[in-house]
Amino acid sequence: MRWIDTHCHLDAPEFGTTIQAQRALAASNGVVHCVIPAIAVDNFAAVRAMAHQSGDSYCLGITPMNVPYASVDALSCLTAAVKQYHADPRLVAIGEIGLDYFVPELCKSPWRERQHDFFYAQLKLARAYDLPVVVHSRRSVDQILKALRQVAGPGGQWHGVVHAFNGSFQQALAFIQLGFKLGFGGALTYERARHLRSLATGLPLEAIVLETDSPDMPPRWLYKSAEQRATGEPQGINSPAEVPRIGAELAQLRGISLQALADATTRNALQAFARLRALVADTTASDAMQEEKDTP
């Protein structure tokens, strides 16, 4: 059974010195690949190094939350990095990019206009280099759909993933019609997340990919409330190793087998990121060779 974590921040400081052990644990759970998005120019080198070290893939982009801290030449630096590493097979997308109207400060001038400018510029860069995109959207789905249609042109299609999707069913279908897959993670494991669970069960299976957004967005079995943390209970560390258990929750919600869910979401991820096909095939071949060597 093979799984792909389509969105995890393995370079995050929360992992510290445990990152290799966390990635090994994920691999032992059947997670054959992780996609590691950048969030700012400052971590471009880190995500690239991490992907090459762990045999995974990476994206280059600037998130809307980092727009207020971006230097005046940030977009030029991104363009230069994409030009430099475009031939790297482990660079699979432009991301994480988007619009965020949830954070109050980002809704005010000049940051609202600036994140809009950054998003459009990064979409155009993706088109110029024929790369998929990883989209961050919080309370901004309609504006994001408008931007995607404008940049793609009439009838234009995209490839990529809308990360942590939580819009309406109609908005989901609009993204799907544009060619996107929709990312679901630990949030769907909470019974109170009725809308999200309804989306995850009602949308076409061929439109869904799995993600952890680790170390953020912990599933319910890792989450500790403020009261629990105050009494000394540690917050569990979310990591790609949680993908199979999140997948098991989704399979149960949809009433399908775990194997069917794993096969579908892995296939969907390979469709979202074309360069993954060779990388995952290489990983599977290497695992098979190792199993042969280990067999007495």
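Reader: Which residue in E7 does Val162 stand opposite?
Author: In this predicted model, strand E6, residues 160-163, pairs with E7 in the parallel sense over 2 bridges. Within E7, the residue that stands opposite Val162 is Leu182.

Reader: Through which helix does the chain cross from E6 to E7, and what is the hand of this β-α-β crossover?
Author: Strands E6 and E7 are parallel partners, and the chain passes from E6 to E7 by way of a helix. That helix is H6, and the crossover is right-handed.

Reader: Which residues of E7 point the other way from Lys181 and Gly183?
Author: In a regular strand the side chains alternate between the two faces of the sheet. In E7, Lys181 and Gly183 point one way, and these residues are buried, as are the residues that point the other way. Those pointing the other way are Leu182 and Phe184.

Reader: What is the bridge partner of Phe184 in E8?
Author: E7 and E8 run parallel and are joined by 3 bridges. The chain reaches E8 from E7 through H7, in a β-α-β crossover that is right-handed. Phe184 has as its bridge partner in E8 the residue Leu210.

Reader: Which residues of H7 does Phe184 touch, among those beyond four places away in sequence?
Author: Helix H7 spans residues 194-202, and its buried residues are Leu196, Arg197, Leu199 and Ala200. The contacts of Phe184, with residues up to four places away left out, include Phe165, Leu203, Ile208 and Leu210. From the range of H7, Phe184 touches Leu196, Leu199 and Ala200.

Reader: Why do the buried residues of H7 line one face of the helix?
Author: An α-helix has 3.6 residues a turn, so residues three or four places apart point the same way. The buried residues of H7 are covered by elements including helix H6, strand E7, strand E8 and helix H9. Viewed down the axis of H7, the buried residues line one face because they fall within an arc of 155 degrees.

Reader: How many residues does helix H5 bring to the largest nonpolar core?
Author: The largest nonpolar core has 75 residues, and those touching the most other members are Leu60, Leu123, Val133, Trp158, Phe175, Phe180 and Phe184. Helix H5, residues 141-152, supplies the largest share of this core, namely 7 residues.

Reader: Is Arg23 buried or exposed, and what is its relative accessible area?
Author: Arg23 lies in helix H1, residues 19-28, and, apart from neighbours within four places in sequence, is in contact with Leu10, Val31, Val32, His33, Cys34, Ser54 and Asp56. Since buried means under 20% relative accessible area, Arg23 counts as buried, with a value of 11%.

Notes
Residues are numbered from 1 along each chain as its sequence is written. This is a predicted model: local features need pLDDT of at least 70, side-chain atom pairs count only at pLDDT 80 or more; totals for chains, interfaces and linings use all residues. Side-chain values use heavy atoms; hydrogens and water are left out. A nonpolar core is a set of buried Ala, Val, Leu, Ile, Met, Phe, Trp, Tyr and Cys residues joined through side-chain atoms within 4.5 Å. Buried means under 20% relative accessible area, exposed over 50%, partly exposed in between (1.4 Å probe, protein chains only). Contact means heavy atoms within 4.5 Å. The arc is that of the directions from the helix axis to the C-beta atoms. Two strands pair if DSSP finds at least two bridges between them. A crossover is right-handed if, with the strands pointing away from the viewer, the path from the first strand over the helix to the second runs clockwise.
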